[in-house]
Amino acid sequence: MVNRNLSQDVGRIIEEVRERSLAPLACEMAKLICLSSTRDYNTGRYQHDGLDWRYRDKDADTALRALHTQIFESLVVAPLKTLVSDLEAFFGMTLTDQSTATKLWKNLEPFRIAVPEDSDELTRKLFYSNIRIALAVLENRQSKMCQDQQSTSPML
Amino acid sequence: MIATLTIAVALLFLLVLLAWMLWPPAARSNNRGHNVRIEPYSRLIGDRICSEEDWQFVKLHAPELKAEFLRDRKDLLLSWLRNVRCATAESVRAYRTAASVDAAVNPIVEVRIAASYMSFLVLWVVARCIVWCSNPLAARSIIVRVRSIAEELSLGARQTVSKSPSMPQDTQV
């Protein structure tokens, strides 16, 4: 009975987080970053203020962990084309210059902390590789756009 | 006649040697770092690593990254192959354990599983050589074959384990 209630609560939390917190986010990368930011990096536990006072800590942790893994795994097996578009949309949401964001992501690799704890090494490596390629593609696009703008602008 | 017999014995010896080399020791099969079940997600990962679509995308949008892409994919595919081999060896080990305590196991099934495992090992070595010497995209068709045999073995082992009365039902194969 306790287990049934526990899984019902976890299911309810997953639905709630999906509908209220994740649905407004336009891209999967934003969802991944959002979910990974609910994790305490010292303890590995997931916490969400809106959930903690209504549900048991353990249920909120299980639900957020499961969601995080789901989103991560769907991003890992997404085609590169989709990943590039997703990353572009994510940088578009951040209100910073896209080329600055791309350069920062390339140098600091903040995407490494967005990986769920229980993911296996191969999945992580594929994710890192895909993100690196996607960032390089975005950088290429941005430099081409810059060149095009320079070539079309009138000579002073 | 003697020459043919010698060649046959040598080939048999080589096959046995190959099987012995590739059969992981019992200590390694207890390694919890590997995923011992051939899961659908592992199939998706394999497909993504060998994806022609991604390769075409890189060729079109970032041709200067072609070498890096292939190098990454090569490492990833070699890791994937290692994982599949570990999972399959674990499946066969679980099958052997279940079969050794179950007197009702059909000998034809036994032979079929042994033959499948042998062909898996041979194909696995060939696939690894192709990936190592060439590129992961060239090995796509053989990778599909390796994966389907691994899945068949995993399924066969799971069925035998689930039928075996003395094996715990939650044994991962």
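A salt bridge is a side-chain nitrogen of Lys or Arg within 4 Å of a carboxyl oxygen of Asp or Glu. In this predicted model, local features need pLDDT of at least 70 and side-chain atom pairs count only at pLDDT 80 or more, whereas totals for chains, interfaces and linings use all residues. Side-chain values use heavy atoms, without hydrogens and water.

Between chain B and chain A the count is one salt bridge: Asp72(B) pairs with Arg132(A), their closest N and O atoms lying 3.6 Å apart. The elements giving two or more residues to the side of chain B that touches chain A (helices being DSSP runs of H or I, at least four residues, numbered from the N terminus) are α3, α4 and α5 of chain B. The largest share of that side, eight residues, comes from α5(B).

| Element | Residues |
|---|---|
| α3(B) | 40-49 |
| α4(B) | 52-61 |
| α5(B) | 66-101 |

In total, 21 residues of chain B are in contact (heavy atoms within 4.5 Å) with 22 residues of chain A. The area buried between the two chains, meaning the accessible area (1.4 Å probe) lost on being put together and summed over both, is about 1900 Å², of which carbon and sulfur atoms give 65%. Tyr41(B), Arg48(B) and Phe57(B) supply 31% of the area that chain B buries against chain A, more than any other three residues.

Helix α7 of chain B comprises the 24 residues 140-163; at 1.5 Å a residue (times one less than the number of residues) it should span 34 Å, which agrees with the 35 Å between its end C-alpha atoms. Its buried residues (under 20% relative accessible area, 1.4 Å probe, protein chains only) include Ile142(B), Arg147(B) and Leu153(B). The buried residues of α7(B) pack against α3, α5 and α6 (107-133) of chain B.

Note on methods. Residues numbered from 1 in each chain as written. Chains lettered and ligands numbered in written order. Buried < 20%, exposed > 50% of the residue type's maximum accessible area, 1.4 Å probe, protein only.
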